[in-house]
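Student: I would like a close look at a single part of this structure, set out in one connected account.

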Amino acid sequence: MKATGVVRRIDDLGRVVIPKEIRKTLRIKEGDPLEIFTDKEGEIILKKYSPIGELTEFATGYAETLAKTTGHIACITDKDTVIAISGGSKKEFLEQDISEELERLMDDKETYTSKENNDLAIPITKNENKERRYNSQVVYPIISDGDVIGSVILLSKDASTKMTEIEQKVAQSAASFLGSQMEI
């Protein structure tokens, strides 16, 4: 655990303010749920809660099925990181923070399809620089109870591949199914 040197008092309603710098660094926004843990030493640990994180094992299996069915790289993210990948480099994607562009797309509840190979691909992870890594992609938000909780992404590095309505429908079905699993 890393000390920040910040000390805060609990107010009369039991609240503690998390400093803006820490919220920015950890990408915690107003309204984000936090999970509370305690340990034997009496420490309280706050962790950004990821509802889809509970489905990580299931999402991994789903990504494998998507990759086998479509022949594309399949990624499933929560709001912060890539939680499942199949058909591509786990080291390159798995547990990597998502890019600001992908985060914006999810916040706006938008889908994205690069229909032509000359369309600009959206970076998936933060550590991607602006180099062109994918020739085509489909990004579909996972929505549960009206809130975006992640995304389903299909990627292709093949120069002759174009994402069609079929890939869009597959990503939409996967996102809808994962979102409905969170509502149960």
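Which backbone oxygen does the side chain of T70 reach, and at what distance? Please continue from there to the surroundings of that residue.

Tutor: The model is a predicted one, and every value below is computed from it. The side chain of T70 reaches the backbone oxygen of L66, at 2.7 Å. The T70 side chain also reaches the backbone nitrogen of H72, at 3.2 Å. T70 itself lies in helix α2, which spans residues 56-70.

Helix α2 also contains E57. With a relative accessibility of 74%, E57 counts as exposed, because the cut-off for that class is over 50%. The C-alpha atom of E57 is separated by 8.2 Å from that of A84, although the two residues are 27 apart along the chain.

A84 falls within the range of β4, residues 82-86. Of the 5 residues of β4, 5 are buried, so this strand is largely enclosed by the rest of the structure. The partner to consider here is β3, residues 73-77. β3 and β4 pair in the antiparallel sense, over 4 bridges, and a hairpin of 4 residues joins β3 to β4. Within this pairing, C75 stands opposite I85 of β4.

The helix and both strands also take part in the largest nonpolar core, which has 21 residues; the members that touch the most others are I76, I142, V152 and L154. At least two residues of this core come from each of α2, β3, β4, β6 (136-144), β7 (147-156) and α5 (165-183). Of these elements, α5 gives the most, with 5 residues. Another core, of 18 residues, lies apart from the largest one and includes I85, L105, M106 and L155. I85, the residue that C75 faces across the pairing, is thus named among the members of this other core.

A last point concerns nonpolar side chains at the surface. I36, I44 and L46 make a nonpolar surface patch of about 330 Å². L46 has its place in strand β2, residues 44-48. Its relative accessibility is 47%, so L46 counts as partly exposed, a class that runs between 20% and 50%.

To return to the part requested: the side chain of T70 makes its two approaches to backbone atoms of L66 and H72, and helix α2, where T70 lies, supplies at least two residues to the largest nonpolar core.

Notes:
Residues numbered from 1 in each chain as written. Predicted model: local features only at pLDDT ≥ 70, side-chain atom pairs only at ≥ 80, totals over all residues. Heavy atoms only, no water. Core = buried A, V, L, I, M, F, W, Y, C linked by side-chain atoms within 4.5 Å. Buried < 20%, exposed > 50% of the residue type's maximum accessible area, 1.4 Å probe, protein only. Pairing = 2+ DSSP bridges. Patch = residues over 30% accessible without salt bridge, like charges linked within 9 Å, V, L, I, M, F, W, Y side chains within 5 Å. Areas by Shrake-Rupley, 256 points an atom, 1.4 Å probe, with all protein chains shown as cover. Salt bridge = Lys/Arg side-chain N within 4 Å of Asp/Glu carboxyl O. Polar contact = N/O pair within 3.5 Å; in protein donor to acceptor, adjacent residues only side chain to side chain.
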